[in-house]
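Open the model in your viewer and switch to a cartoon view. We will stop at a sheet first, then at the domains.

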Amino acid sequence: MTASRPTSDAPIVSVRDLSMVFPTPGGQTVALKDANLQIMPGEFISLIGPSGCGKTTLLRLMADLIQPTGGELLVNGGTPRKARENRAYGYVFQAPALMEWRNVLNNVKLPLDVMNTPKAQRDSRAREMLKLVGLEKFERSYPWQLSGGMQQRVSIARALAFDPAMLFMDEPFGALDEITRENLNLELLRLWRETGKTVVFVTHSISEAVFLSTRVVVMTARPGKIEGIVDIGLPHPRSDESREDPRFFEYATQIRELLKKGHS
Ligand SMILES: Nc1ncnc2c1ncn2[C@@H]1O[C@H](COP(=O)(O)OP(=O)(O)OP(=O)(O)O)[C@@H](O)[C@H]1O
């Protein structure tokens, strides 16, 4: 059931001169232009940038939901298609997208049902994942009985159900209040440390990106490109105190400057 993981310390994602041009009624939209990025196994990478700069496009390319119009992309040592077929990643969307008629346990089990995992394993695996996100007491609840933050935790448990090497997360906490978001950030970091997954995380929030990431990829719009990459040297495990670390503000300033440069 465990998805294959690369054994070497080769990049788990390799993006070379990657471009994506969408045909649109008025002409073409260059959503991504000549992007270059290498992600190592176990990293926590955030993609940040203004609306329309191509963050979701880059994530969707990695996930094989769309195909690039130029350049090269390797995921988990092969094509994005192969990574998808091998269940090398789980995808968490902006909205939790849970099935209202399935209880929490059955929502988490869904990918295992689809994959025809032996029945006896499905329940135990789903319960294990619910425990990981702190929702073991809610397995019989239905999505509409949960708060937005709890629903998003269920969708994270679902994305982890088949033990992928990577987690692709498209602004998963964007719709939540600040305190819930900070709590989920802490939980996500704990989960990342415990599981050793590689995470690629889209956000609009500079502080969220600094708090979570090992590196922050700053993108700019028109055409969407990578303006710079900031290494975040804050020690792990991170806690609320990390936000008071003077380096936290330095990294946030570096990211802000790159975002401004991209705007000008
Ligand atoms: N399927 C599509 N067809 C045409 N244009 C598209 C398509 N998908 C994205 N685009 C365009 O590509 C550009 C980048 O979109 P993308 O969704 O990647 O941006 P984003 O940085 O994720 O934005 P946001 O922060 O608002 O979610 C935008 O101009 C968008 O309109």
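Two strands count as paired if DSSP finds at least two bridges between them. Keep in mind that this is a predicted model.

**Stop 1: the sheet.** Select β1, residues 13-24. Add β2 (27-39) and β4 (70-75). These three strands form an open sheet, in the order β2-β1-β4. Their pairing is antiparallel. Strands of a sheet pair through backbone hydrogen bonds, either parallel or antiparallel.

Why is one side of β2 and of β4 left without a neighbour in the sheet? Both strands stand at the edges with a single partner strand each, so there is no neighbour on the other side. Now turn the view to look at the twist. From one strand to the next, it averages 30 degrees.

**Stop 2: a pair of strands.** Hide β2 and keep β1 with β4. Five bridges join β1 and β4 in the antiparallel sense. Pick S19 and look across: opposite it stands G70 in β4.

**Stop 3: the domains.** Colour 8-88 together with 166-264 as domain 1. Give 93-163 another colour: that is domain 2. Both come from the domain assignment of the protein. Taken over C-alpha atoms, the centres of domain 1 and domain 2 are separated by 25 Å.

**Stop 4: the contact.** Domain 1 brings 13 residues to the contact, and domain 2 brings ten. Which elements give two or more residues on the domain 1 side? Select β6 (166-170) and α6 (178-195). The most come from α6, with four residues. Finally, colour the domain 1 side by residue type: seven are nonpolar, two polar and four charged.

Notes
Residues numbered from 1 in each chain as written. Predicted model: local features only at pLDDT ≥ 70, side-chain atom pairs only at ≥ 80, totals over all residues. Axes fitted to C-alpha atoms, helices over the stretch in contact; angles between N-to-C directions. Domains from an automatic or database assignment. Contact = placed C-beta atoms within 7 Å. Nonpolar A, V, L, I, M, F, W, Y, C, P; charged D, E, K, R; others polar.
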